[in-house]
Amino acid sequence: AKCGSKENIKEGLCEVCYSEEHPSLVNFKDIKVSVCENCGKGVFKNKWAKFNSLKDVITKAVKDGIKGDKKIKVNPIVKKGERKGEVEISVVGSNEEYIIPYEIKYVVCPVCDREDSDYYEGILQLRDVSKEVVNFCMNDVKKHREKAVFFTKVEELKNGVDLYCTSNSYIKNLDRKSVV
């Protein structure tokens, strides 16, 4: 071996010399993640996805950004309220350890952005109906939030209520559902 060691020779190098000349993580992208400040979704491969925690978003971004086929352990060090931090990465089965900086960009996802706007495609006009019918509609629309369907405005009237909805097709399909 190059250093004189006679143990664990690989391509003419001991394990330590080999890892110095062939580090696993030489090429990695800067870790920058976008997270919705309202719902906590993160962007992964240009798509918004639900994650259990900020650590999960960062871990997924790190694993995607690292080149190579070695198994790694990722430990993001997340401090509440901070936009920058570090990720500890260790390569399984070797002594290689890295600390990579990350940056979080807080934005508003398209679903939350639409929910906070005055946008609507149709108005569901409920007249002379029971409170049960109105509650049914309010609860049912919550099941469709991930598809950007919700009421952006609720207007109480003398004889009913107007519900401004982001999806005209949802309103049309709502009449097929039973309240009871």
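In the predicted model, E155 is partly exposed, with a relative accessibility of 27%. Its salt-bridge partner is K153, and the closest N and O atoms of the two side chains are 3.8 Å apart. This pair counts as a salt bridge because the separation falls within the 4 Å cut-off. K153 is likewise partly exposed, at 43% relative accessibility.

The pair K153 and E155 belongs to a total of five salt bridges counted in the model. Another of them joins E146 to K41, with 2.8 Å between N and O. E146 is located in the loop between α4 (131-142) and β8 (151-157), and K41 in the loop between β1 (31-36) and β2 (42-44); the contact therefore ties together parts that are 105 residues apart in sequence. The two partners fall into separate accessibility classes: E146 has a relative accessible area of 52% and is exposed, whereas K41 is buried at 6%. The value for K41 lies under the 20% limit for a buried residue, and that for E146 lies over the 50% limit for an exposed one.

A salt bridge is also formed between D162 and R127, where the closest N and O atoms are 2.8 Å apart. Here the partners lie in strands: D162 is in β9 (residues 160-165) and R127 in β7 (residues 122-127), so the bridge ties together parts that are 35 residues apart in sequence. D162 is buried, with a relative accessible area of 7%, while R127 is partly exposed at 30%.

Technical notes:
Residues numbered from 1 in each chain as written. Predicted model: local features only at pLDDT ≥ 70, side-chain atom pairs only at ≥ 80, totals over all residues. Heavy atoms only, no water. Helix = DSSP H or I, 4+ residues; strand = E, 2+ residues; numbered from the N terminus. Buried < 20%, exposed > 50% of the residue type's maximum accessible area, 1.4 Å probe, protein only.
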